[in-house]
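User: I would like to learn how to read a model of two chains. Where should I begin?

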Amino acid sequence: MANITINNMKVEVPEGTTILDAAKTIGIKIPTLCYLKNVQEPGSCRMCLVEVEGAKTLQPSCVTQVSEGMKIHTNTKKIRDTRKIILELLLSDHPWECNTCDRNQDCELQKLADEYGIKEVRFQSVKERLPLDESTPGIVRDPNKCILCRRCVTVCQEVQGVGTLAPRARGFNTIIAPGQGNLLSEAVCVQCGQCAAVCPVGAITEKDDIDKVWEALDDPNKYVVVQTAPAIRAALGECFDLEPGTLVKGKMTAALKMLGFNAVFDTNFTADLTILEEGTELLTRLKKVLVDKDKKVALPMFTSCSPGWINYMENFYPELIPNISTCKSPQQMFGAVAKTYYANKIGKKKEEIVVVSIMPCTAKKFECNREEMNASGVKDVDYVLTTRELGKFIKQAGIDFVNLPDEEMDAPMGISTGAADIFANTGGVMEAALRTAYEIVTGREIPFNGLHVSSVQGLDGVKEASLKIDGTKEEWAFLEGVTVNVAVAHGLGNAKKVIEKVLSGEKQYHFIEIMACPGGCIGGGGQPRMTTDEVRQARIKAIYKEDEGRKYRKSHENPAVKALYEEFLVKPLGEKSHHLLHTKYSSKKD
Amino acid sequence: MSKRSIAQILVGIDGNTVLSGARKIKTKLITEINKQGLSDQVSVIETGSIGPINKGVVIGIYPTGEMYGNVTEKDIAEFVQEKFVKGRPYKKLLLEEKMQPEIDLKTYDSRKTQYFGRIVLDNCGKINPEDIEEYIGMGGYQALGTVLKEKTPEEVIQIMKNSGLRGRGGAGFPTGLKWSFAAQEKESPKYVICNADEGEPGTFKDRLIMEGDPHRVLEGMAICGYAIGANTGYIYIRGEYQLSIQRLEKAINDAEKLGLLGKNIFGTDFDFKVKIKMGAGSYVCGEETSLLNSMEGFRGEPRLKPPFPAKSGFLSKPTNVNNVETLANIAPIILNGAEWFKKFGTVDSPGTKVYTILGHVNRSGLIEVPMGITLREVIYDYAGGISSGEFKMAQIGGTAGDILSAELLDVALDYKSLQEVGHNLGSGAILIMNDSVSVVDFLKCCMKFFMHESCGRCSVCRIGTKQMYESFNRLEKKEAYFDELKNIEELAKGLNLASFCPLGQSVASPVLSAIKYFEAELSEGINPNKIHEPVTREESGIVFSYS
């Protein structure tokens with residue numbers, strides 16, 4: 001422990017604590033802009049500078065560790081003056097468009113300017129306007145608003161291992177831009193949106209599609225259905241200042257109905273469908289390898305629900321294409337089923353139906369625009385709104401979200417199981433798949449407490465589990481005594497680690513779940529900001545709570561999915577499934 | 001000198017004179033000497049800079065000490081005829097000043113006798129830098145041999161500590177102490193890095209040292225390697241320093257052939273390899289952590305300290321980074337002892353300092369003088385006085401250096417004396433300006449430089465340097481705001497307190513010292529009627545309340 005004083009108050013904190021954290025323990029908040037816990041502590045925005053007695057210059061509190069006897073001052077005139085200068089410099093280099101900015105009232109720079117009482121900026125603006133980068137379906141970059149905190153660079157390079165965003169040029173002319181070209185579309189960008197999720201200002205955002213959805217809702221000739229991804233219900237509340245991890249499925253359903261959607265459905269429905277298709281695919285692959293000794297069938301099989309991961313794989317590891325499950329993501333399965341099966345059911349033409357998705361994800365905007373995603377004959381999913389966009393959408397409609405009553409989703413595509421809920425977080429797809437696959441093979445429930453595969457839960461980057469199968473049903477006898485090895489990775493940097501081990505032969509798995517974003521979809525690039533590890537934990541906790549409260553907790557128990565097979569698809573991996581629910585990938589590597 | 005001739009002609013071949021045809025002049029000299037049948041009496045020797053730097057190709061005659069400047073190829077025939085056939089000075093090109101005379105360094109004490117002892121430049125302009133035999137003939141590599149055979153690493157560090165040598169790169173950190181930090185680390189491998197990224201405008205002493213005496217630098221690096229436990233050294237050098245690079249490469253090869261570098265040096269079990277890395281011309285890469293980033297192939301930007309390079313430097317291994325001039329001091333200190341070294345300079349800042357003197361002086365060039373001589377002495381004793389007009393100001397230490405006015409002419413140039421009056425010694429450039437120079441113009445140039453070289457990592461420096469430039473631009477046009485100077489001063493202080501690295505911090509040096517001594521002149525650029533049209537929070541769109 002180190003005994004220090006902060007603003008003449010005695011504090012005792014463990015050695016190695018940063019001044020920033022030490023100050024927090026006694027209720028002193030030191031302002032930060034570039035700092036993002038567990039992501040980067042670069043000490044470069046200089047907002048967090050404090051005075052340490054004996055030091056020649058001011059010290060960045062986010063990285064400076066306390067030492068015994070340190071005397072720290074966080075709020076002297078010198079510091080206040082310096083912070084003001086920094087803020088005024090940043091504001092002189094920032095377009096003053098707060099009222100029309102995506103981040104209005106949700107901007108870290110704006111908030112600090114307010115807190116520090118910046119009434120005028122003594123420096124003249126000398127900024128030259130740079131063009132917006134709207135070249136991709138998911139992400140918009142406004143380099144004019146960028147304050148060069150480099151959070152996006154760190155997540156893109158270190159957390160995601162993609163390395164698209166990097167500082168270019170130097171000094172006042174420095175901009176953060178795709179390393180290969182000036183536009184994101186010309187560079188390798190997987191559209192995961194983690195950059196947008198960490199941006200403190202309005203420099204990187206999702207592409208705003210709210211107006212298009214309004215237009216569809218206003219069109220009397222359109223029948224607009226909405227699907228909500230499993231991760232939304234545990235995060236949307238944050239847009240309305242509810243605590244992270246507040247479950248708002250009922251309020252969200254009520255709000256969507258008030259907004260005028262003709263049917264409020266759940267992506268969970270097709271998450272359950274995915275498990276049936278993907279689980280069957282896995283078992284079929286295992287059979288082909290173990291029984292038929294088919295050399296053309298690749299193992300391990302990787303999940304395919306995360307479009308950021310698919311983009312990453314196509315760009316960096318196209319050699320894995322045979323290993324990727326051919327299942328479309330639940331979002332795209334939903335679109336294809338809604339415009340065929342459901343359209344038929346309600347007597348509408350596919351052209352009359354508009355499918356809107358609410359996703360925690362920016363890559364979903366990219367995914368729905370992929371050429372091959374029109375199995376129904378038209379674009380399967382028309383528009384994707386992120387969680388943040390839905391928050392704004394609800395506010396635009398003047399809906400008092402927090403005080404809404406809970407409502408139920410519509411049948412049939414609003415019916416789902418707990419296994420679908422947990423698609424929202426890392427380890428969830430794996431757990432859901434095992435719940436079903438084990439039962440198909442053995443006829444028994446998976447032998448874990450509360451049906452949870454606890455070794456693949458949590459925020460460790462790479463998780464593993466092994467499951468020995470015995471007591472198989474006759475048709476699955478070839479799996480008797482087989483130990484199935486699985487791995488789970490979240491965040492593309494972690495995915496890369498697993499892939500390298502698989503490719504080098506260091507590790508052998510049968511099935512690997514990859515989610516592009518840290519924590520899985522609950523930490524997606526379209527979720528309310530800021531998604532810290534604490535926030536991730538809270539959302540995951542809520543998702544499991546949702547799962548545990550369900551009547552059905554295994555995908556194959558979903559009555560609506562059963563009906564879908566009976567009435568329409570016939571069987572998993574059948575001809576209709578193949579056409580509507582499965583896809584192909586192609587190498588995007590140069 | 002290795003050759004037994006009656007007279008020697010030293011041709012100063014350095015980065016500047018190469019461009020003025022020094023190599024052709026050397027060839028022509030040899031031809032002419034041969035033609036006159038003097039080749040057994042007069043030898044022509046290629047050497048590094050002889051001293052003067054604005055006098056074109058300079059040749060020196062040994063032992064008389066005469067120097068000839070602005071020598072061209074067509075002068076050579078006449079010059080050889082006059083000087084060596086007729087035996088009289090060739091008046092047309094004769095320079096006023098003479099080469100620095102030889103003195104016995106062993107018995108020299110700068111506080112007892114008037115000048116002239118050179119430690120760092122002892123061999124420069126005298127020996128052929130491309131001939132390792134000449135370096136050895138001057139006692140080269142003796143210090144390394146002594147260290148490897150007779151001293152423990154701890155003893156070497158103790159000698160360095162006792163000598164009081166301080167880093168010559170600008171910050172003046174005690175060298176022995178720095179070495180002891182890297183020596184303490186258990187991690188291996190360790191690295192010695194010679195910082196030859198000399199980017200401070202007007203400073204090129206390191207280049208002239210490397211061009212004139214490359215082995216001296218290598219020997220210093222090897223001794224450092226032995227002291228801290230490193231077997232690899234890197235010279236991080238400006239890519240533009242082509243002649244230095246050539247000579248260092250040759251020196252490394254020659255030394256390895258003789259077993260003075262490489263494996264089993266002097267037959268001991270100590271190995272030391274030196275490699276060269278070229279920089280791409282970024283100023284901030286002279287800052288040691290940016291240098292490390294650049295060496296590792298990353299963007300040239302400073303790293304957070306701690307960890308300091310001694311703990312986690314190149315490739316995250318313990319690393320000692322020293323300036324070229326610092327390393328050139330090592331061998332003489334080992335050979336002659338710490339006590340000898342302390343006879344030069346002042347008590348607090350022992351030794352000599354190599355300066356490049358530039359600007360409105362009669363003799364600009366490279367000098368080595370004891371620490372603690374005054375600015376006045378530098379100008380009038382070494383640089384031949386002001387070339388025209390009156391002395392107005394001097395900037396010492398390059399663009400990041402302070403501006404001194406006439407009232408500081410008698411301040412002693414050493415770390416401590418300058419600190420006492422609130423200034424820094426810096427890197428070794430002394431720029432002398434006469435009364436024709438406008439403070440505003442000059443500072444605008446400095447600010448343009450900083451703006452151009454700021455790496456863009458920290459907000460203060462990135463935007464602050466730009467705003468500084470804009471302010472001086474307005475002052476120059478006499479369109480500055482009524483409170484411009486106050487804003488400049490506040491911004492300079494902010495840059496100094498809040499910048500991430502010394503680049504931004506040192507913007508304050510020229511600005512604040514200029515305001516201190518030349519406020520009245522700076523104020524002439526202000527238009528008292530020009531006021532800011534403040535942008536208020538409402539106009540800026542900043543919203544007041546937060547829920």
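Analyst: Start with what counts as a contact: two residues are in contact if their C-beta atoms, placed from the backbone, lie within 7 Å. Keep in mind that this is a predicted model.

User: How many residues of chain B are in contact with chain A, then?

Analyst: On the chain B side there are 38 residues, and they are in contact with 41 residues of chain A. The elements of chain B that give two or more residues to this side are α17 (439-453), α18 (459-476), α19 (484-498) and α22 (537-540). The largest share, 9 residues, comes from α18(B). Sorted by class, the side of chain B that touches chain A holds 16 nonpolar, 14 polar and 8 charged residues.

User: How do I read the packing of two helices, for example α2(A) and α19(B)?

Analyst: Look at the angle between the axes; 65 to 115 degrees counts as roughly perpendicular. Helix α2 (residues 77-92) of chain A packs on α19(B) at about 105°, and the axes are 10 Å apart. The two helices are therefore roughly perpendicular to each other.

User: Which residues make the contact between α2(A) and α19(B)?

Analyst: From α2(A) come A:Lys78, A:Thr82, A:Ile85 and A:Ile86, while α19(B) gives B:Glu490, B:Leu491, B:Gly494, B:Leu497 and B:Ala498. By class, that makes 5 nonpolar, 2 polar and 2 charged residues.

User: Now a sheet. What is the strand order in the open sheet of 4 strands in chain A?

Analyst: Read the order from one edge to the other: β11-β10-β13-β14, with parallel pairing. The edge strands are β11 (263-266) and β14 (383-386) of chain A; each has a single partner strand, so one side of each lacks a neighbour in the sheet. Neighbouring strands are turned against each other by 25° on average, direction ignored.

Within this sheet, 6 bridges join β10 (residues 223-228) and β13 (residues 353-359) of chain A. In that pairing, A:Val225 stands opposite A:Val355 in β13(A). Helix α6 (residues 210-218) of chain A lies across β10, β13 and β14 of chain A, at about 125° to β14(A).

User: And how compact is chain A as a whole?

Analyst: Compare the radius of gyration with the value expected for the chain length. Chain A contains 18 helices and 17 strands. Its radius of gyration is 25 Å, close to the 25 Å that the globule rule gives for 590 residues, so chain A is as compact as a globular protein of that length. Of its 590 residues, 53% count as buried. The C-alpha atoms fill a box of roughly 80 × 55 × 50 Å along the principal axes.

Definitions and conventions:
Residues numbered from 1 in each chain as written. Chains lettered and ligands numbered in written order. Predicted model: local features only at pLDDT ≥ 70, side-chain atom pairs only at ≥ 80, totals over all residues. Nonpolar A, V, L, I, M, F, W, Y, C, P; charged D, E, K, R; others polar. Pairing = 2+ DSSP bridges. Axes fitted to C-alpha atoms, helices over the stretch in contact; angles between N-to-C directions. Parallel < 35°, antiparallel > 145°, perpendicular 65-115°, else oblique. Rg over C-alpha atoms; globule rule 2.2 N^0.38 Å. Buried ≥ 20, exposed ≤ 12 C-beta atoms within 10 Å, placed from the backbone.
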